Amino acid sequence: MSVFDIFKQLESRNTEPSGAVEYIICGLGNPGTQYENTRHNIGFMTVDTLCEKYKLSCKKLKFKSLTCDAVIGGNTMLQSRNQERGTDAAQQSFGGGKRCLIMKPTTFMNNSGEAVTEAMNFYKIPPERTIIVFDDISLEPGKLRIRRKGSDGGHNGIKSIIYLSGSDAFPRIKMGVGAKPNPDYKLADWVLGHFKKEDGEKLEQCFQNAVACLELIVQGKIDEAMNKYNS
């Protein structure tokens with residue numbers, strides 16, 4: 001294989017899929033290097049893990065977010081072969097996967113609904129096909145919980161999405177970040193703080209589990225995801 005052929009294959013893999021966007025996958029967090037790897041940004045970190053698996057670059061500025069467009073779930077090996085051959089992904093049913101808009105809002109956490117609802121309205125995606133990934137202080141690091149819908153639970157990012165979309169009927173993956181060390185500890189300081197070094201291995205496994213959950217949910221298998229991964 002020549003160098004030209006290698007570059008041609010790489011270029012084909014970066015081609016956006018055809019067909020309509022069917023799902024939105026949004027990880028919540030705050031933009032800026034000062035917030036990287038903080039507890040509040042675990043949604044961003046989960047999206048980064050998803051993008052790493054699918055060799056995606058979530059850097060296109062759209063809908064007040066960093067975004068990318070990809071086929072998630074299904075037979076990823078078949079998807080890769082179709083891309084290498086230049087086959088129309090829509091005609092090949094994406095190997096069983098679904099075309100998804102992947103988002104990391106740049107609005108800051110409290111205004112996450114601005115980004116999410118803008119994308120929902122543009123693609124006419126209902127809440128039931130809008131998946132939100134965010135931090136939960138009621139779960140220990142390494143734990144996750146999937147819910148079909150629910151209240152904001154005091155989370156400002158979720159509160160913004162519910163308020164602006166007018167619905168709480170969106171699936172969500174809650175990622176554990178642990179509770180405050182004591183009642184007097186300020187919640188903002190806790191969620192904007194960094195994880196403990198000893199949490200690293202548990203978090204890595206949790207990110208992988210969350211990606212597996214996303215793949216199941218976009219295939220309509222949320223019950224399977226809940227049964228297999230809910231903590």
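**View 1. Helices α4 and α5 cross in this predicted model.** Here we zoom in on α4, which covers residues 112-123, and α5, which covers residues 156-165. Their axes come within 7 Å and cross at roughly 45°. That angle makes α4 oblique to α5, and the crossing, as α4 passes α5, is right-handed. On the α4 side, look for S112, G113, E114, V116, T117 and M120. They meet G157, S160, I161, L164 and S165 of α5. What mix of residue classes makes up this contact of α4 with α5? There are six polar residues, four nonpolar ones and one charged one.

**View 2. Seven strands line up in an open sheet.** Reading across, the order is β2-β3-β4-β1-β5-β7-β6, and the pairing is mixed. Which strands sit at the edges? They are β2 (60-62) and β6 (144-147), each pairing on one side only. Leaving direction aside, neighbouring strands of the sheet are turned by 30° against each other on average.

**View 3. Strands β5 and β7 pair up within the sheet.** Strand β5 takes in residues 130-136, and β7 takes in residues 172-176. The two run in the parallel sense, with five bridges between them. To get your bearings, find F134, which stands opposite K174 in β7.

**View 4. Helices α2 and α7 both pack on the sheet.** Start with α2 (residues 42-54): this helix touches β1 (23-27), β3 (65-72), β4 (98-105), β5 and β7. The direction of α2 makes about 140° with that of β4. Now turn to α7 (residues 200-217), which touches β1, β3, β5, β6 and β7. Against the direction of β7, the direction of α7 makes about 175°.

**View 5. Helices α2 and α7 also pack against each other.** Their axes are 9 Å apart, and the angle is about 70°, which makes α2 roughly perpendicular to α7. From α2, the residues taking part are I42, M45, T46, T49, L50, K53 and Y54. Their partners in α7 are L203, F207, Q208, A210, V211, L214 and E215. Sorted by class, the contact of α2 with α7 has nine nonpolar residues, three polar and two charged.

**View 6. Helix α7 packs with α8 as well.** Helix α8 spans residues 222-229, and its axis lies 7 Å from that of α7. How do the two helices run relative to each other? The angle is about 155°, so α7 is roughly antiparallel to α8. As in the first view, this is a right-handed crossing. N209, A212, C213, L216 and I217 make the contact from α7, while I222, E224, A225 and Y229 make it from α8. Seven of the residues in this contact of α7 with α8 are nonpolar, one is polar and one is charged.

**View 7. Two stretches have pLDDT below 50.** For the protein, the mean pLDDT is 89, and 83% of its residues reach 70 or more. Where does the pLDDT drop below 50? One such stretch is residues 10-15, with four contacts in the model beyond near neighbours in sequence. Another is residues 82-94, with 17 contacts in the model beyond near neighbours in sequence. Where pLDDT is low, the predicted coordinates are not something to read in detail.

Conventions
Residues numbered from 1 in each chain as written. Predicted model: local features only at pLDDT ≥ 70, side-chain atom pairs only at ≥ 80, totals over all residues. Heavy atoms only, no water. Axes fitted to C-alpha atoms, helices over the stretch in contact; angles between N-to-C directions. Helix = DSSP H or I, 4+ residues; strand = E, 2+ residues; numbered from the N terminus. Parallel < 35°, antiparallel > 145°, perpendicular 65-115°, else oblique. Left-handed = near helix turned anticlockwise from the far one by under 90°. Contact = heavy atoms within 4.5 Å. Nonpolar A, V, L, I, M, F, W, Y, C, P; charged D, E, K, R; others polar. pLDDT = per-residue confidence, 0-100. Pairing = 2+ DSSP bridges.
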